[in-house]
Amino acid sequence: MDLPAADGTPGSGRCPDSGPVIDVTPASARRSVGELLERTGVSLDSVTAADALMVTTELVTTALRHGGGLTLFHIAVTDNALHLSVGDASTRAPVSRPITLGQLGGYGWPLIQRLTEHLTTRLLPGGKVIEAVLPLV
């Protein structure tokens, strides 16, 4: 499932350096993932759905706050897994940093790493695409 770009063109398949920033919010991304999960028989009350929605929120929010804008949002379910691709305009790969008590932020990437079965970051000339796979069984 793809959400359209602000100009109405499909959001899928666009590399960060070749397409417009798409008009997706964390809430609309969560809604799209939730609808897809429900269509595939995953209850939104399940831990599986909570994990998928958390990863979606973290990736989209980070792209918007720190990545220069969202350039790609694509979701699909294949082989009993949710496949989530999020692109942004930053060429910096995400990194885990040491966490200290009372620190604001820095928890998202380690959380994403723990909740996903497979996680890759593809650096591109004009940004990056993070691909996350979460098991649905």
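Here are three short exercises on this predicted model, each with a worked solution.

Before you start: residues are numbered from 1 along each chain as its sequence is written. The model is predicted, so local features need pLDDT of at least 70, side-chain atom pairs count only at pLDDT 80 or more, totals for chains, interfaces and linings use all residues, and side-chain values use heavy atoms, with hydrogens and water left out.

**Exercise 1.** Work out which residues of helix H1 are buried and what they pack against.

*Solution.* Start by finding H1: it covers residues 26-39, 14 residues in total. Helices (H or I, at least four residues) and strands (E, at least two) are DSSP runs, numbered from the N terminus. Next, check its span, which is 20 Å from first C-alpha to last, close to the 20 Å expected at 1.5 Å a residue (the expected span is 1.5 Å times one less than the number of residues). Now list the buried residues: Ser28, Ala29, Ser32, Val33, Gly34, Leu36 and Leu37. Buried means under 20% relative accessible area, with a 1.4 Å probe and protein chains only. When you look at that list, remember that an α-helix has 3.6 residues a turn, so residues three or four places apart point the same way. Finally, see where they pack: against H2, strand E1 (70-78) and E2. Just after H1 you'll meet Gly41, with a positive phi near 90 degrees.

**Exercise 2.** Take Ser85 and Val86, and find out how buried each one is and what each touches.

*Solution.* First, place them: Ser85 is in strand E2, and so is Val86. Then look at accessible area: Ser85 is buried at 13%, and Val86 is buried at 4%. Now go through the contacts (heavy atoms within 4.5 Å), skipping residues up to four places away in sequence. Ser85 touches Leu72, Phe73, His74, Val129, Ile130 and Glu131. For Val86, the contacts include Leu59, Val60, Ala63, Leu70 and Lys128. One last distance: the C-alpha atoms of Val86 and Ile75 are 8.9 Å apart, with their positions 11 residues apart along the chain.

**Exercise 3.** Describe the largest pocket and say which element gives the most to its lining.

*Solution.* Begin with the volume, about 700 Å³. A pocket, on a 1 Å grid over the protein atoms alone, is an open set of points where a 1.4 Å probe fits, with protein on both sides within 12 Å along at least five of seven lines; lining residues have an atom within 4 Å of a point. Of the 26 lining residues, Thr62, His66, Pro94, Val95 and Trp109 are closest to the centre. H2 gives the most, with eight residues.

Technical notes: Points joined across faces, edges and corners; volume = space filled by probe spheres on them. Buried < 20%, exposed > 50% of the residue type's maximum accessible area, 1.4 Å probe, protein only.
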